[in-house]
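Please read the following report alongside the model, which is shown just below.

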Amino acid sequence: MLKEFKEFALKGNIFDLAIGVIIGAAFGKIVSSLVDDIIMPLVGILVGGVDLSKLSIKIGNATLAYGAFLQTVLDFLIISFSIFMVIRFFAKFKRKEELAKEEEVEVLDKKEELLAEIRDLLQGERSRV
């Protein structure tokens, strides 16, 4: 069982996944900081200095912290939009690479050009017969 686990753990896909998780976590921290330290203070200014995360309603003995929920929803929207933009950027870059590969023109040397002309002439004669 240890041998099977070692083979599984050392596959390239596992390392790629681990790197993706680490980078994703770091990206999440960056975006969370962007939301908490830059965007939310600006939103607070726009709504009259209200800190959304502190908003709550007391109903009987229960306190509904809807502001924290709104903060979490806003975090999610900003993080998902940021990830969408990054994926879109990389997809656009990859698409350009694929188009460049497709546009590569085969360069024929003189012998190949001559053989292609002969082939075309022979095909033309066959269609007349």
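Four helices and two strands make up the secondary structure of the chain, where helices (H or I, at least four residues) and strands (E, at least two) are DSSP runs numbered from the N terminus. Read from the N terminus, the elements follow the order α-α-β-β-α-α. The model is predicted, so local features need pLDDT of at least 70 and side-chain atom pairs count only at pLDDT 80 or more, while totals for chains, interfaces and linings use all residues. Residues are numbered from 1 along each chain as its sequence is written, and side-chain values use heavy atoms, leaving out hydrogens and water.

Of the 129 residues in the chain, 9% are buried, a term that means under 20% relative accessible area, with exposed being over 50% and partly exposed in between (1.4 Å probe, protein chains only). Among contacts (heavy atoms within 4.5 Å) with a separation of 6 or more, 39% join residues 24 or more positions apart.

A search of the whole structure yields one salt bridge, defined as a side-chain nitrogen of Lys or Arg within 4 Å of a carboxyl oxygen of Asp or Glu. This salt bridge joins the side chains of Asp-120 and Arg-119 at 3.2 Å, N to O.

The table lists relative accessible areas for three charged side chains.

| Residue | Relative accessible area | Class |
|---|---|---|
| Asp-120 | 42% | partly exposed |
| Arg-119 | 47% | partly exposed |
| Lys-96 | 53% | exposed |

Lys-96 lies in helix H3 (residues 66-103).
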